Amino acid sequence: MELTEGDTVAVERTFTAEDVRAFTEVSGDRGDHHLEPDEQGRLLVHGLLTATLATEIGGSYDVLARTMEYQFRRPVYTGETVRCVAEFTTVERREDGRTEVAADLRFTRTDDEMVVLTGGFDGVVAE
């Protein structure tokens, strides 16, 4: 897939209790706030689990990230669907065949359009 500056790419995911439990095991983050359901029976989704939506976008373009930066704005709970939109702000072809990229990220809950996470990444695409 060919990228140009200004391109936007989006992915969505509905987080499940199974996702949270699996991420708890992988990350070792066993904070009670991720393990104990709230009064509605939901688990709090790890911030970095929510941020994996950006890695799905980067992975689809074979981006080797150099930096990833996030600002966690609001909590996400199991059962909620989050949409991540990446806007590519830099796409520069290098002489060595690689492409430098940078993107701004915006994560929103799809039911109320509340921003839950913002950030960005930069890296290189090996071609």
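1. A strand, as the word is used in this note, is a DSSP run of type E that covers at least two residues. In this predicted model, Thr108 lies in one such run, strand S4, which spans residues 99–109.

2. Thr108 has a relative accessible area of 9%, and because buried means under 20%, Thr108 counts as buried. Leaving aside residues up to four places away in sequence, Thr108 touches Thr81, Val82 and Arg83, and also Glu113, Met114, Val115 and Val116.

3. Strand S4 is joined to strand S3 by 11 bridges, and the two run antiparallel; one of the pairings sets Phe88 opposite its bridge partner in S4, Ala103. S3 and S4 form a hairpin with 5 residues between them, and in the turn Gly97 has a positive phi of about 90 degrees.

4. Strand S3 (residues 81–93) also pairs with strand S1 (residues 8–14), again in the antiparallel sense, over 7 bridges. Within this pairing, Glu12 has Arg83 as its bridge partner in S3, and Arg83 is also among the residues that Thr108 touches.

5. The structure holds 4 aromatic pairs. One of them is formed by Tyr70 and Phe107, whose ring centres are 6.3 Å apart and whose planes stand at 70 degrees, so the pair is edge-to-face. Because Tyr70 lies in strand S2 (residues 63–72) and Phe107 in strand S4, this pair ties together parts that are 37 residues apart in sequence. Tyr70 and Phe107 are both buried.

6. Phe88 and Phe121 form another edge-to-face aromatic pair, with 6.0 Å from centre to centre and 80 degrees between the planes. This pair links distant parts of the chain, with Phe88 in strand S3 and Phe121 in strand S5 (residues 115–125), 33 residues apart. Phe88 and Phe121 are each buried, and ring pairs link these two residues with Tyr61 into a cluster.

7. A charge over a ring should be noted as well: Arg42 lies over the face of Tyr77, at 4.0 Å from the ring centre.

8. A second threonine deserves a comment, namely Thr24, which is found in helix H1 (residues 17–27). With a relative accessible area of 3%, Thr24 is buried, and, when residues up to four places away in sequence are not counted, Thr24 touches Asp29, Arg30, Leu35 and His46.

Definitions and conventions:
Residues numbered from 1 in each chain as written. Predicted model: local features only at pLDDT ≥ 70, side-chain atom pairs only at ≥ 80, totals over all residues. Heavy atoms only, no water. Helix = DSSP H or I, 4+ residues; strand = E, 2+ residues; numbered from the N terminus. Buried < 20%, exposed > 50% of the residue type's maximum accessible area, 1.4 Å probe, protein only. Contact = heavy atoms within 4.5 Å. Pairing = 2+ DSSP bridges. Phe/Tyr/Trp six-rings, centres within 6.5 Å; stacked < 30°, edge-to-face > 60°. Lys NZ or Arg CZ within 6 Å of the ring centre and 35° of its normal.
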